Amino acid sequence: MIIVCQKCDTRLQVDEAKVPSGPFVIRCPKCNSSVEAGSPSSAQKDSTQGSEATVNEYRFEQPNPAPLFEPEQKPAEPAATASADKLAELLQGLVTQPSAAARNQPYVRPSWNPRKALVCVPDEYRNSLAQSLVENGYQVFVAQDTRQAVDRMRENLMDVVLLDSRFDPTEQGPIFVSREVNILRPAQRRRLFFVLLSPTLRTMDSHTAFLNNVNAIINTNELEQLPKIIEHRVREFNEFYRDFNYVLEVPAL
């Protein structure tokens, strides 16, 4: 055991077998001063506790993105047929080159590349809404709270984000989800269709949608028609950016 004299900095070697369990005092052979040893001072304890508190406070937390929604199981089509159909669609998409005539046709999303949708809504209709989107060909992620929503948006670029104005009010969910959308670069923002769900606003109110920086507004009383409304608005969205996407050689949403 090494003890350092606080007065002359002499290092004293002490046999640990002879050291008492509690605090003790020895005399420095060089400067003849008393040296206290045996336990850390209160100041050292406070410093150590403070350091541990700081480490705990700033400890890294693993991301917790919204999980993929697991839809209700339905009778599956034969595996061979399903695989053959998907392979045919994939090959057709690879060999088909867009022509001027095809560019004027409405874009049809291939089934092997579904739109990714993030659902940020209250518990009361979360699963039913996610199920309806899955049945209409979406890959759906369901956020239980604000953190899951934000982590998912930072991990994957979504195609569609549905946000209810009452989502996770304790953590101010609508504010933080909207912030993640607003800080996207223009090129990324053009690839995202942002939908606001509200019990008070009118469906398809373009002016209010513009004021809220969203692409569409859907009243929660019309959730049964939500997939059709989104499909209609996305078609208009793709039409608006048709020439722009063609020049940049990027597919429609």
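Here is a walk through this structure, from the overall chain down to a few local spots.

Bear in mind that this is a predicted model. The protein chain has 253 residues, and 34% of them count as buried. Its secondary structure comes to 10 helices and 9 strands. If you look at contacts between residues with a separation of 6 or more, 55% of them join residues 24 or more positions apart. On the outside, the accessible surface comes to about 16,500 Å², with 52% of that belonging to carbon and sulfur atoms.

How far can you trust what you see? The average pLDDT of the protein chain is 79, and 75% of the residues score at least 70. Among the elements, strand β7 (residues 160-164) comes out with the highest mean pLDDT, at 95, while helix α1 (residues 42-57) has the lowest, at 47. The stretch to be wary of is residues 41-48, where pLDDT stays under 50. For those residues the model has just 1 contact beyond four places in sequence. Where pLDDT is low, the predicted coordinates should not be read in detail.

Now turn to helix α4, which spans residues 126-135. Which of its residues are buried? They are Arg126, Leu129, Ala130, Gln131, Ser132 and Leu133. So what do these buried residues of α4 pack against? Their partners include four strands you can pick out one by one: β5 (116-120), β6 (139-142), β7 and β8 (193-198). Helix α9 (226-240) is packed against the buried residues of α4 as well. Of these partners, β7 is the strand you met above with the highest mean pLDDT among the elements. Just after α4, have a look at Gly137, which takes a positive phi of about 90 degrees.

Next, the cysteines. Cys5 is buried, with a relative accessible area of 1%, and Cys120 is buried too, at 0%. Both values fall under the 20% cut-off for relative accessible area, which is why the two residues count as buried. A disulfide is a covalent bond between the sulfur atoms of two cysteines. How many disulfides does a search of the whole structure find? The count is 0.

Finally, head for the surface around helix α10 (residues 242-248), where you'll find Tyr246. Tyr246 has a relative accessible area of 39%, so it counts as partly exposed, between the 20% and 50% limits. This tyrosine belongs to a nonpolar patch on the surface, along with Phe244, Val247, Leu248 and Val250. Together, the residues of the patch have about 450 Å² of accessible area.

How values were computed:
Residues numbered from 1 in each chain as written. Predicted model: local features only at pLDDT ≥ 70, side-chain atom pairs only at ≥ 80, totals over all residues. Heavy atoms only, no water. Disulfide = S-S within 2.5 Å. Buried < 20%, exposed > 50% of the residue type's maximum accessible area, 1.4 Å probe, protein only. pLDDT = per-residue confidence, 0-100. Helix = DSSP H or I, 4+ residues; strand = E, 2+ residues; numbered from the N terminus. Contact = heavy atoms within 4.5 Å. Patch = residues over 30% accessible without salt bridge, like charges linked within 9 Å, V, L, I, M, F, W, Y side chains within 5 Å. Areas by Shrake-Rupley, 256 points an atom, 1.4 Å probe, with all protein chains shown as cover. Salt bridge = Lys/Arg side-chain N within 4 Å of Asp/Glu carboxyl O.
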